[in-house]
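Hi,

Here is the structure I promised to pass on. Have a look at it first, and then read my notes below.

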Amino acid sequence: MNEPPRLQIESGKIVLSGAWTLAAMLPELTALRTQLAECRAGATAWDLSRLSRIDSAAAVLLWRTWGGTWPAHLDVAPLHREVLSRVAELPDEIPAAAVQRFQLVEYFGRLTLRALANLQGMVALFGQLILDLSYLARHPSDLPRKELFANIYKAGAQALPVTALVGFLIGITISYLSALQLKGFGADIFIVNILGISIIRELGPVLVAVLVAGRSGSAMTAQIGVMRVTEEIDALSTIGVSRSIRVVLPKIVGLTIAMPLVVLWTSAVALLGGMVAAMLQLDLSLIYFIENLPRAVPVSNLYIGLGKGFVFGFVIALVACHFGLKVKPNTESLSANTTRAVVTAITSVILVDAIFAIFTRHIGVPGL
Amino acid sequence: MSGAPVIELDSVSTVFGKTCVHRDLNLRVEAGQIVGLLGGSGSGKTTLLREMLGLLRPTSGQVRLFGSDLNSGDVAEQRAIRRRLGMLFQHGALFSALSVFDNIAFPLRELRCLDEDWIRRLVHLKLAMVELEPAHGDLMPAELSGGMVKRVALARALSLEPELLLLDEPTAGLDPDRSQNFVDLVGSLQQALGLTVVMVTHDLSTLAGLATHVAVLADQHIIAFGPKHEVMTVDHPFVTGFFGADRRKLL
Ligand SMILES: Nc1ncnc2c1ncn2[C@@H]1O[C@H](COP(=O)(O)OP(=O)(O)OP(=O)(O)O)[C@@H](O)[C@H]1O
Ligand SMILES: [Mg+2]
């Protein structure tokens, strides 16, 4: 039953025998195709009655060999003729899918439009959030407590180890590098100022924002996105649960609350790392460092740092939720939007940080 | 027919955590049979199909396809075996990032020896077989209706012209007309190609129109397997309940 496909020429007729199926043809496909191409020239008589099987792949191959018409003489079992006639019924010219040409202007136009659409989406989401919050202020019992606490736990508590590790190492690095320079000037004690201001005001919040955008931001986008793919979001609204109150709001509020706390923690650990390195490098005792910190770093720096944490957390969650809601129900769109969410979140954080720097340039800088 | 049965399950047991889904299950499907696999919801039919495909390893026992064990043997041999079978998943399992056309073309392209024109014709042929318009080829899976998902999945399962076709509820979600056409299609393919088919179905008319054999999965094993008319007369609560009053009509 499973003889390989064969092709012979017997008294002017082309005789096919064996099983002409895709699986059987595969091992000797090139040989068969060249044989068929050679036959194509003069032959008008085909004998297919000795075929044991023919499938549509082979039928297409034959039909193409025949140049899209039935040969003048054809012997074939009715069952097999059916397979061939299915191929014959297809239109001859099947248009290939149009390939989009790349055009620079169009590309940038699209990019701009998409950025604007995203901005609009985020503003709309922000508006929705305010509406939801005012609704919750009037109906406090509708507050999704569980989801809120779960989000604070996931984005905050669970981020503590990794932010601590990274913060500690960064603290050590900065302290070590600054100590090398300061030693040259004999200005050892300024290490307190350098570490204090840079970590509390700038590095702590930005470091945490980058880590949290990669960690929680991507998770939020992916979660909302998968809920879109599996129609869970639709199921929620049919049950009468508002998706923005139950899914989006706890994420944004949760991260906005958790971020300043994580920033505080990370800055503290980074300072500790800096202190340890200063002690080893400059023989600056820990006590001295701690005693001088409040003098060298005005407390408004701490408020700026925490304020940044607050705003960064909000921005990251807003961006993540926006892109999550934009996911179309397919895996490609899910991965693209998750990437976009992380990239956009980090970029916006840096942008917001720059704005912060401009508006707080007179605050908390100790006069020398 | 060559000797080895197409599917051979040898005292297969499957345990998920504490629940035992199959216990000491045996089944032999010979080439050319169209087997309807019956069983209550949650009785482990899908799980059994997954084991036949080698997607799931039974807790104990052996699964042999075309005479060779899927869970042992080298990678090349396994791939060769997998190319000989097509599977229609219960929920379609279409690649959501690819259009309908690309979904059906995907297995063909993976062979890496067919040219684009050939593939295009084959895809349009399959689309026509499952009664979809060529224009449907451009749609994404998320834009399809439930029944269309089924038909595209069937087209994809058929695209490699498999010798063995595993179908998980192929006609669920299709209107009676379409499911009759499905029965005709698989029937004619079976005649032309000598397919072996294992299908899970709850639809009596599909079963009556297509199946040559029936296997009944209940009480964690196959309680009855044989030609349709024989199984229908088996005295078991599930069988009598399933065929019920229609028993005579089907005979
Ligand atoms: N991955 C898994 N982990 C744990 N249990 C599972 C898993 N897959 C299936 N089960 C259990 O095995 C049993 C059989 O499931 P299966 O999907 O095979 O049922 P089925 O016969 O196909 O039912 P239906 O007709 O409803 O599709 C069910 O009780 C299910 O809960
Ligand atoms: Mg199932």
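**Around the magnesium ion**

At 27% relative accessibility, B:Gln90 counts as partly exposed. I start there because a value between 20% and 50% falls in the partly exposed class. Please keep in mind that this is a predicted model.

B:Gln90 is one of the protein donors of the magnesium ion (ligand 2), through its OE1 atom, and the other is B:Thr46 through OG1. The donors lie 1.9 to 2.4 Å from the ion. The two come from distant parts of the chain, 44 residues apart. B:Thr46 sits in helix α1 (residues 45–53) of chain B, while B:Gln90 is in the loop between β6 (85–88) and α3 (100–111) of that chain. B:Thr46 is also partly exposed, with a relative accessible area of 29%.

**Chain A as a whole**

Now over to chain A, which has 368 residues and is built with 13 helices and four strands. Its C-alpha trace spans about 110 × 60 × 45 Å along the principal axes. The radius of gyration of chain A is 35 Å, whereas a compact globule of 368 residues would have one near 21 Å.

How much of chain A is buried? Buried residues make up 44% of the chain. The exposed area of chain A is about 19,100 Å², and carbon and sulfur atoms supply 67% of that. As for contacts in chain A with a separation of 6 or more, 79% of them are between residues 24 or more positions apart.

**Two spots in chain A**

The first spot to look at is A:Thr21, in the loop between β2 (13–20) and α1 (22–25) of chain A. Is A:Thr21 buried or exposed? A:Thr21 has a relative accessible area of 11%, so it is buried. Leaving aside residues up to four places away in sequence, A:Thr21 touches A:Arg53, A:Asp55 and, from chain B, B:Leu193. A:Pro4 is 17 residues from A:Thr21 in sequence, and their C-alpha atoms are 9.0 Å apart in space.

The other spot is a nonpolar surface patch of about 650 Å². Which residues make this patch? They are A:Phe102, A:Leu104, A:Val105, A:Tyr107, A:Phe108 and A:Leu111. A:Val105 belongs to helix α5 (residues 104–138) of chain A. With a relative accessibility of 72%, A:Val105 counts as exposed.

Have a browse, and write back with any questions.

Cheers

Key
Residues numbered from 1 in each chain as written. Chains lettered and ligands numbered in written order. Predicted model: local features only at pLDDT ≥ 70, side-chain atom pairs only at ≥ 80, totals over all residues. Heavy atoms only, no water. Buried < 20%, exposed > 50% of the residue type's maximum accessible area, 1.4 Å probe, protein only. Contact = heavy atoms within 4.5 Å. Patch = residues over 30% accessible without salt bridge, like charges linked within 9 Å, V, L, I, M, F, W, Y side chains within 5 Å. Areas by Shrake-Rupley, 256 points an atom, 1.4 Å probe, with all protein chains shown as cover. Salt bridge = Lys/Arg side-chain N within 4 Å of Asp/Glu carboxyl O. Donors = N, O, S within 2.8 Å, 3.2 Å for Na, K, Ca; no water. Rg over C-alpha atoms; globule rule 2.2 N^0.38 Å.
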